[in-house]
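Reader: I'd like a close look at just one thing here: the salt bridges, and what sits around them. Take me through it slowly, please, and then show me how it fits into the rest of the chain.

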Amino acid sequence: MNEVLSTSHSSSLSTMVVSLEGEQLYTFEYAASLTETSITVVQVYVELGVIEPNGTMLHSREISRIAQIQRLRRDLGLNLVGAAIVLDMAQELAQLRARLKAHQTHPANQL
């Protein structure tokens, strides 16, 4: 888990802190606001392991994942588990494509 600096930036809608690694982290409330869902939904996603919090904060990639899950559920009618599986498979496919491209660019390197 990343440690978080004590300095924070607050506005009426969000709270953001910067981790020691320099990553911006956001509150569940901000994530819910951005993704047009509720804090309860964000908490359920965390409890089910669909998104990974950093303590009580979320990285922007997790907020993006919430939004993607919401779109898959709304647009394709997928349930939560199905949407999470689709996103995990898409991420794995992107990683495999990157490895293949790296291998094709530098064939002497082993995968």
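Author: Let's start on the outside, with Arg-74: at 59% relative accessibility, this residue counts as exposed, because the bar for that word is over 50%. Keep in mind that we're looking at a predicted model. Arg-74 has a salt-bridge partner in Asp-75, and their closest N and O atoms are 3.0 Å apart. Asp-75 clears the bar as well, so it is called exposed at 51% relative accessibility.

That pair is one of 3 salt bridges that turn up in a search of the whole structure. The idea behind them is simple: when charged atoms come close, side chains of opposite charge can pair.

Now move to Arg-65, which pairs with Asp-88 at 2.9 Å between the closest N and O atoms. Arg-65 sits in helix 3 and Asp-88 in helix 4, so this bridge ties together parts that are 23 residues apart in sequence. The two partners don't share a burial class. Arg-65 is buried, with a relative accessible area of 13%, since buried means under 20%. Asp-88 is partly exposed, at 38%.

Next comes Glu-23 with Arg-61, whose side chains meet in a salt bridge of 4.0 Å, N to O. This pair also links distant parts of the chain, 38 residues apart: Glu-23 is in the loop between strand 2 (15–19) and strand 3 (24–27), while Arg-61 is in helix 3. Glu-23 has 21% relative accessibility, so it lands in the partly exposed class rather than the buried one, which stops under 20%.

Two of those arginines come back when you turn to the largest pocket. It holds about 350 Å³ of space. Twenty is the number to remember for its lining: of those 20 residues, the closest to the pocket's centre are Ile-51, Glu-52, Arg-61, Glu-62 and Arg-65. So which elements each supply at least two residues of the lining? Strand 4 (57–59), helix 3 (60–76) and helix 4 each do. By type, the lining splits into 8 nonpolar, 6 polar and 6 charged residues.

Since we're at helix 4 anyway, have a look at its nonpolar side. Val-81, Ile-85 and Met-89 make up a surface patch, with about 310 Å² of accessible area together. Val-81 belongs to helix 4 (residues 80–105), and is exposed, with a relative accessible area of 55%.

To place all this, step back to the overall layout. The protein chain has 4 helices and 4 strands, and from the N terminus on they run β-β-β-α-α-β-α-α. Of its 111 residues, 28% are buried, and Arg-65 falls in that buried class at 13%.

One last stop, away from the bridges: Glu-36. Where does Glu-36 lie? Look in the loop between helix 1 (28–34) and helix 2 (39–47). Its backbone is worth a glance, with a positive phi of about 55 degrees although the residue is not a glycine. Glu-36 is exposed too, at a relative accessible area of 74%.

Methods. Residues are numbered from 1 along each chain as its sequence is written. This is a predicted model: local features need pLDDT of at least 70, side-chain atom pairs count only at pLDDT 80 or more; totals for chains, interfaces and linings use all residues. Side-chain values use heavy atoms; hydrogens and water are left out. Patches are made of residues with over 30% relative accessible area and no salt bridge: like charges are joined within 9 Å, nonpolar side chains (Val, Leu, Ile, Met, Phe, Trp, Tyr) within 5 Å. Accessible areas come from the Shrake-Rupley method with a 1.4 Å probe; for residues, only the protein chains shown count as cover. Buried means under 20% relative accessible area, exposed over 50%, partly exposed in between (1.4 Å probe, protein chains only). On a 1 Å grid over the protein atoms alone, a cavity is a set of points where a 1.4 Å probe fits but cannot get out, and a pocket is an open set with protein on both sides within 12 Å along at least five of seven lines; lining residues have an atom within 4 Å of a point. Grid points are joined across faces, edges and corners, and a volume is the space filled by probe spheres set on the points. Ala, Val, Leu, Ile, Met, Phe, Trp, Tyr, Cys and Pro count as nonpolar, Asp, Glu, Lys and Arg as charged, and the others, Gly among them, as polar.
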